[in-house]
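Trainee: Please take a close look at a single part of this structure and explain how that part belongs to the whole. I would be grateful for one connected account, with the terms explained as they are needed.

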Amino acid sequence: MSNTPMAASPLTRAVLEIDEYASGLGWDQPARLFALVDTARLRAQEPALAAQLGLEDESESAGLTPIEQEEIPAGKALDEFLATIAWPDAVAGCALTVERLMLPPSAEASVPQGLDEARLAKWVAEHPDRQEVRMTVAVLRDGARDSALRLREKDTPTEVLTGGDLVPGLAQALAATFEE
């Protein structure tokens, strides 16, 4: 968590920590899912795991610890996969990091009509204004949301954009994993 601002909320710090972790793995990575757990609760209830994660000496009491989950199954649509998740009560929130191609708003008018999903993806991939982006989106049980966007062409910690409403559809899909 070396580059995360201390003044940020615990959720923002967790999002930036996950973004930094994903950045260290490089680009062209599969989507990764994380459980977010209360750090103080983790230290109290699972001291061995906290020690394994290097949290035993953390002075912060109001933080969130991201714990990477098993790999997301290849070939399964992300929304279908997320619909199968139910979190235990010990999980305060969850986060997902995923890479996508993105077009600027100015390209919307030139999208050909009537393309199926595969042909639209091909069209976007071939568009000269496309940009590769890594999105890290997190939600808490209480409805709080945050996200970080990193463009491949501006791949530095100082160029990461953060905000709660940057990827609303993905945030909603993650929030749905906490619905009964």
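Mentor: Two residues are said to be in contact when heavy atoms of theirs lie within 4.5 Å. The model is a predicted one, and the part I have chosen is Thr 177, which lies in the segment after helix 6. Leaving aside neighbours within four places in sequence, Thr 177 is in contact with Leu 82, Ile 85, Ala 86, Trp 87 and Cys 94.

Is Thr 177 buried or exposed? A residue counts as buried when its relative accessible area is under 20%. The value for Thr 177 is 4%, so this residue is buried. Distance in sequence and distance in space must be considered separately. Between Thr 177 and Arg 100 there are 77 places in sequence, and their C-alpha atoms are 21 Å apart in space.

Two of the contacts of Thr 177, Leu 82 and Trp 87, lead us to the largest nonpolar core. This core has 29 residues, and those with the most contacts inside it are Leu 33, Leu 82, Trp 87, Leu 96, Leu 170 and Leu 174. Two or more residues each come from strand 1 (32-38), helix 4 (78-82), strand 3 (93-102), strand 4 (131-140), strand 5 (145-151) and helix 6 (168-175). In soluble globular proteins, nonpolar side chains tend to be buried together.

Leu 170 shows what such a core residue touches. Its contacts, apart from neighbours within four places in sequence, are Leu 78, Leu 82, Leu 96, Val 98 and Val 137. Leu 82 therefore appears among the contacts of Leu 170 and also among those of the buried Thr 177. Apart from the largest core lies another one, of 13 residues, including Ala 14, Val 15, Leu 140 and Val 160.

Val 160 leads us on to Arg 150, for Val 160 is one of the contacts of that residue. Arg 150 has its place in strand 5. Its relative accessible area is 2%, so Arg 150 counts as buried. Beyond four places in sequence, Arg 150 is in contact with Asp 19, Ser 23, Trp 27, Glu 132, Val 133, Arg 134, Asp 155, Thr 156, Pro 157 and Val 160. The C-alpha atoms of Arg 150 and Glu 99 are separated by 9.3 Å, with the two positions 51 residues apart along the chain.

Two other threonine and glutamate positions may be set beside these. Thr 39 lies in helix 2 (residues 39-45) and, at 4% relative accessibility, counts as buried. Its contacts beyond four places in sequence are Leu 55, Gly 63, Leu 64 and Thr 65. Glu 17, in helix 1 (residues 10-25), is partly exposed, with a relative accessible area of 25%. Glu 17 and Thr 136 are 119 residues apart in sequence, yet 9.9 Å apart in space from C-alpha to C-alpha.

Leu 161 and Asp 28 have more of their area accessible than the cut-off for burial allows. Leu 161, in strand 6 (residues 161-163), is partly exposed at 47% relative accessibility. It is in contact with Ser 147, Ala 148, Leu 149 and Leu 166, neighbours within four places being left aside. Asp 28 lies in the loop between helix 1 and strand 1 and counts as exposed at 57%. Most residues other than glycine have a negative phi. Asp 28 has a positive phi of about 65°, although it is not a glycine.

We may now return to the whole. The protein chain has six helices and six strands, arranged along the sequence as α-β-α-α-β-α-β-α-β-β-β-α. Of its 180 residues, 38% count as buried; Thr 177 is one of the buried residues. Among contacts between residues at least 6 apart in sequence, 66% join residues at least 24 apart. A compact globule of 180 residues would have a radius of gyration near 16 Å, and the 17 Å of this chain agrees with that. Along its principal axes, the C-alpha trace spans about 55 × 35 × 25 Å.

The surface completes the description. Its accessible area comes to about 10300 Å², of which 51% belongs to carbon and sulfur atoms. The chain has 15 positive and 31 negative side chains, and the centres of the two sets lie 4 Å apart.

Key:
Residues are numbered from 1 along each chain as its sequence is written. This is a predicted model: local features need pLDDT of at least 70, side-chain atom pairs count only at pLDDT 80 or more; totals for chains, interfaces and linings use all residues. Side-chain values use heavy atoms; hydrogens and water are left out. A nonpolar core is a set of buried Ala, Val, Leu, Ile, Met, Phe, Trp, Tyr and Cys residues joined through side-chain atoms within 4.5 Å. Buried means under 20% relative accessible area, exposed over 50%, partly exposed in between (1.4 Å probe, protein chains only). Helices (H or I, at least four residues) and strands (E, at least two) are DSSP runs, numbered from the N terminus. The radius of gyration is taken over C-alpha atoms; the globule rule is 2.2 Å times the number of residues to the power 0.38. Accessible areas come from the Shrake-Rupley method with a 1.4 Å probe; for residues, only the protein chains shown count as cover. Lys and Arg count as positive and Asp and Glu as negative; His and the chain ends are not counted. The place of a charge is taken as NZ of Lys, CZ of Arg, CG of Asp or CD of Glu.
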